[in-house]
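Let's walk through this structure together, starting at one spot on the surface and then zooming out to the whole chain.

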Amino acid sequence: LALYGLLEAILAVSALVLPAALGALQGTPPGWRYPGALLLVTVPCLAMGATFPLLLRALARDGAELGRRVGVTYGANALGAALGACLTGYFGVAHLGVAGSSRAGAVASAAAALLALATALADRRRLRAASPAAAAPEAGPRPRASVDSTPVPPAVVLGVAAVGGFVMLGAEVLWARVLTFVFGHDTYAFASLLAIVLVGLALGG
């Protein structure tokens, strides 16, 4: 979950700076505008795509219920994504504007990052406390402590999955709107964002 928290922190920072950065590209020559816009959205889109596979890795610590947990986590992520898309498209842009909606997404990402990092830190402390280093040496090889030995609370995983989906789809709606002005066509904007997010999903897996 530590890497997941880092990616959510990257998304929070990106949500704060991207609207202004993309807006600054309008009016620049196409030779600079198009690659510049794609470069700006590449890092956060890759991070968005990689977050969900990382959550599934956290769930993989208990194989007995892995299938059910993956299904429930995927559902939470999808519901959060649907809510993020609807709220951003129908309420956020109209009432908060692109910059305001992006700031709200940054707050959500920052909250998910703090929750994930706090959980990862608590896991490390529990592992350290349960370390057999202080026990008397036993014959044979001593089992090595592993992060996989500490299960992540399901409520934490479901919470960050829902927030991650919310931020991902909400940010895509916002950035596609801004990229429409950069590219001059919404088809290119959506296609570019979707392709980069899918690459992020592949990398996260």
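**A greasy spot, then the whole chain**

Take a look at the surface of this predicted model: Leu-83, Leu-87, Phe-91 and Leu-96 make up a nonpolar patch there, and together they have about 360 Å² of accessible area. Leu-83, for one, sits in helix 3, which covers residues 66–95. Is Leu-83 buried, exposed or somewhere in between? Its relative accessible area is 46%, and since the partly exposed class lies between 20% and 50%, Leu-83 counts as partly exposed.

Now zoom out. What does the secondary structure of the protein chain come to? You'll find six helices and zero strands, so to speak an α-α-α-α-α-α run when read from the N terminus. Of the 205 residues in the protein chain, 40% are buried. As for the outside, the protein chain exposes about 10,900 Å², with 70% of that supplied by carbon and sulfur atoms. Contacts reach along the sequence too: among those with a separation of 6 or more, 80% are between residues 24 or more positions apart.

How far should you trust all this? The protein chain has a mean pLDDT of 76, and 79% of its residues get to 70 or more. Element by element, helix 1 (residues 2–25) has the highest mean pLDDT at 87, while helix 6 (residues 186–204) has the lowest at 69. Then there's the stretch of residues 142–149, where the pLDDT is below 50; the model gives this stretch seven contacts beyond near neighbours in sequence. Where pLDDT is low, don't read the predicted coordinates in detail.

Key. Residues numbered from 1 in each chain as written. Predicted model: local features only at pLDDT ≥ 70, side-chain atom pairs only at ≥ 80, totals over all residues. Heavy atoms only, no water. Patch = residues over 30% accessible without salt bridge, like charges linked within 9 Å, V, L, I, M, F, W, Y side chains within 5 Å. Areas by Shrake-Rupley, 256 points an atom, 1.4 Å probe, with all protein chains shown as cover. Salt bridge = Lys/Arg side-chain N within 4 Å of Asp/Glu carboxyl O. Helix = DSSP H or I, 4+ residues; strand = E, 2+ residues; numbered from the N terminus. Buried < 20%, exposed > 50% of the residue type's maximum accessible area, 1.4 Å probe, protein only. Contact = heavy atoms within 4.5 Å. pLDDT = per-residue confidence, 0-100.
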